[in-house]
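Got your viewer open and a selection box ready? Let's walk through this one stop by stop.

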Amino acid sequence: MKWMAALAAAAGFLAASGRAAAAQSVDLRIVSTTDVHGRIRGWDYFADTAESARGLARVATIVDSVRRVIPGGTILLDAGDFLQGNPLTYVASRPDAKGPHPVVAAMNVMRYDAVVLGNHEFNYGLPALDRMLAGAKFPAIAANVARSDGHPGWPGVAWIEREGVRIAVIGETTQWATIWDKLNLEGKVTIGDIVASVRARADSARRAGADVVIVLAHSGLDGGSGQGDHTAGLPPENVMAEVARQVPGVDLIVFGHTHREVADTTVHGVLLVQPRNWAASASVVAMRLERDGAGWRVASKRGTIVRAAGHPEAPAVVAAVEAAHVAARAWANTVIGSTAVAWRTDSARTTDTPIIDFIGETMRRATGADLASTAVFSTNVRMPAGPITVSRLAQLYPYDNTIRVLRLSGAQLKAFLERSAEYYKVSGEGAAAVAAPDPAFIGFNFEVVTGASYDIDLRRPRGDRIVGLSVRGRAVAATDSFNVALSNYRASGTGGYGMVVGAPLVTDDQREVRQLLIDEVTRRKTLRPADYYTRSWRLLPPALAT
């Protein structure tokens with residue numbers, strides 16, 4: 001089987017230790033997931049079809065296999081962002097949801113030893129988080145997160161014992177959660193510096209007798225995920241390489257947040273691993289410990305990745321979430337309206353399209369703002385003629401973002417659009433010039449503003465590409481000001497949009513953008529491009545708009 005080959009590759013280098021030394025050594029397997037975002041069953045709720053490459057139910061089969069190989073020495077961890085992310089978790093987060101949260105139920109069945117809070121765990125507010133975690137049989141940890149709202153906080157360290165070995169698992173959460181979920185956290189939660197937190201906890205864990213110190217972190221390896229921005233004096237978004245370089249006494253870092261995959265890398269003697277998001281893979285670390293006086297020392301460690309694809313779903317996990325699965329499908333397949341024409345996003349980053357204007361205009365009209373801006377999350381959305389279901393709109397707007405209105409100056413508006421225009425990379429000159437997406441620019445950070453008119457002239461240098469910017473037929477001056485509707489994510493300045501940080505907040509009523517779209521279609525019954533579309537932007541020269 002695939003898992004046997006993967007485990008053999010991870011553990012083969014340990015075989016040199018002879019049987020005579022077995023009593024003086026212990027083998028551990030640390031299995032981890034991260035950024036599950038509600039992917040339990042192999043099911044695409046947007047398309048209402050089965051899928052075979054991901055899901056905790058498949059990872060459960062991998063974990064069971066590892067436990068059969070190392071029955072007394074297996075540890076199961078998750079590096080955060082597990083309670084939010086798809087229709088299953090959305091339906092389960094509502095106040096009227098019945099039963100335990102499906103991800104918690106699945107993790108209970110799988111016997112997780114510890115999870116760390118990710119930034120998305122805070123998306124539905126602290127009361128919802130408390131409710132969702134109430135039935136957990138595993139600790140949710142966060143050493144650098146402190147509550148000040150009168151409710152119990154979360155432990156910083158989970159202590160685990162295997163075969164006489166004491167393991168301290170330190171949980172850490174990106175400080176940027178305080179920016180992205182400011183309304184939910186301000187005055188209620190503080191999140192401290194990760195490096196300082198690990199340094200303090202690792203030292204105290206060693207003094208308390210830890211043989212192994214693991215950092216379980218919802219923060220990436222380094223930098224800002226290619227976004228290149230810092231907000232409100234916070235350190236970089238992803239700092240785990242820095243932790244490895246600066247903090248002594250750490251044996252292993254299991255990290256997440258950036259939706260990438262790191263099978264086995266070592267920084268300053270510390271092993272770092274990151275499994276793929278959406279439970280598409282599990283990280284399996286083989287660690288051998290040998291007697292060192294009265295305690296143990298780590299003699300060797302190596303990581304490998306085991307893919308979920310090809311593994312059957314564990315029946316116990318499937319059964320644990322069946323009711324929630326049925327409820328999510330019913331919600332996603334609810335018909336709320338119809339359209340006589342097809343809508344699509346395939347050209348939405350090269351030309352103004354009705355489907356993006358539908359989002360922007362709905363935001364603008366719902367808030368009474370002068371302008372609205374929305375990201376083009378994907379260029380693969382197709383809404384065919386016929387019935388419109390909730391799932392089709394969820395594909396168009398897949399995130400649980402809420403809406404904020406900020407007061408921006410004309411200078412800030414232009415800077416905002418200039419940042420979006422950095423999406424394009426132009427190679428060559430003159431007739432040989434070619435425009436293409438810049439691989440360093442994350443696609444969902446491309447924004448389209450409705451209510452304004454502007455051109456993006458790709459013959460001009462980055463930072464000076466926006467020309468002809470006007471609102472209601474009048475050229476925008478730097479000193480003008482406008483109420484602009486944005487998602488809470490973008491209003492925090494994330495994605496390189498730091499120019500909006502500190503702008504006056506006009507309204508923040510916590511309405512979800514996706515729900516606004518659902519309500520709009522439900523009210524109108526029939527969705528027509530003419531009700532939303534006004535050509536407001538274009539690429540120059542036209543030959544590059546392909």
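What follows is a short tour of helices and strands, with something to select at each stop. Keep in mind that this is a predicted model.

**Stop 1: a buried helix**

Start by selecting residues 56-69, which is helix H2. Put a distance marker on its end C-alpha atoms and you should get 20 Å, which agrees with the 20 Å expected for 14 residues at 1.5 Å a residue. Now switch on a surface: 11 of the 14 residues of H2 are buried, so the helix is largely enclosed by the rest of the structure. The buried set includes charged-looking picks such as Arg58 and Arg67, along with Leu56, Val59 and Ile62.

Zoom in on Thr61, which sits in H2. Is Thr61 buried or exposed? Its relative accessibility is 14%, so it counts as buried under the 20% cut-off. Show what lies around Thr61, skipping the neighbours within four places in sequence, and you'll find His311, Pro312, Glu313 and Ala314 in contact with it.

**Stop 2: a histidine in H11**

Next, select His325, in helix H11 (residues 322-332). At 4% relative accessibility, His325 counts as buried. Which residues does His325 touch, leaving aside its neighbours within four places in sequence? Bring up Arg41, Trp43, Tyr45 and Leu88 as sticks; those are the contacts of His325.

**Stop 3: a strand covered on both faces**

Jump to residues 270-274, strand E14. Five of its five residues are buried, so E14 is largely enclosed by the rest of the structure. Rotate to view the two faces: Val270, Leu272 and Gln274 are on one side, Leu271 and Val273 are on the other, and all of them are buried.

Then add the strands that E14 is bridged to. Strand E12 (residues 252-255) runs parallel to E14, joined to it by three bridges; pick Leu252 and you'll find its bridge partner, Leu271, in E14. Strand E13 (residues 262-267) runs antiparallel to E14, with four bridges between them, and here Val262 has Gln274 as its bridge partner. E13 and E14 form a hairpin with two residues between them. Click on His268 in that turn and check the backbone: its phi is positive, about 55°.

**Stop 4: an open sheet**

Now for the five-stranded open sheet, ordered E25-E19-E29-E22-E30, with mixed pairing. Where does the sheet end? Select 447-450 for strand E25 and 505-507 for strand E30: these are the edge strands, each pairing on one side only. Look along the sheet and you'll see the twist, which averages 30° from one strand to the next.

At the E30 end, strand E22 (residues 403-409) pairs with E30 in the antiparallel sense over two bridges. To see one of these pairings, select Leu406 and its bridge partner in E30, Leu505.

**Stop 5: H12, between partners**

Last, select helix H12, residues 354-367. H12 packs on the sheet you just left, touching E19 (371-375), E22, E25 and E29 (481-487). Its direction makes about 140° with that of E19.

Add helix H16, residues 513-524. How do H12 and H16 pack? Their axes are 10 Å apart at an angle of about 90°, and they are therefore roughly perpendicular to each other. For the contact itself, show Phe358, Ile359, Thr362, Met363, Arg365 and Ala366 of H12 against Val513, Leu516, Leu517, Glu520, Val521 and Arg524 of H16. Colour the contact by residue type and you get eight nonpolar, one polar and three charged.

Key:
Residues numbered from 1 in each chain as written. Predicted model: local features only at pLDDT ≥ 70, side-chain atom pairs only at ≥ 80, totals over all residues. Heavy atoms only, no water. Axes fitted to C-alpha atoms, helices over the stretch in contact; angles between N-to-C directions. Parallel < 35°, antiparallel > 145°, perpendicular 65-115°, else oblique. Contact = heavy atoms within 4.5 Å. Nonpolar A, V, L, I, M, F, W, Y, C, P; charged D, E, K, R; others polar. Pairing = 2+ DSSP bridges. Expected span 1.5 Å × (residues − 1). Buried < 20%, exposed > 50% of the residue type's maximum accessible area, 1.4 Å probe, protein only.
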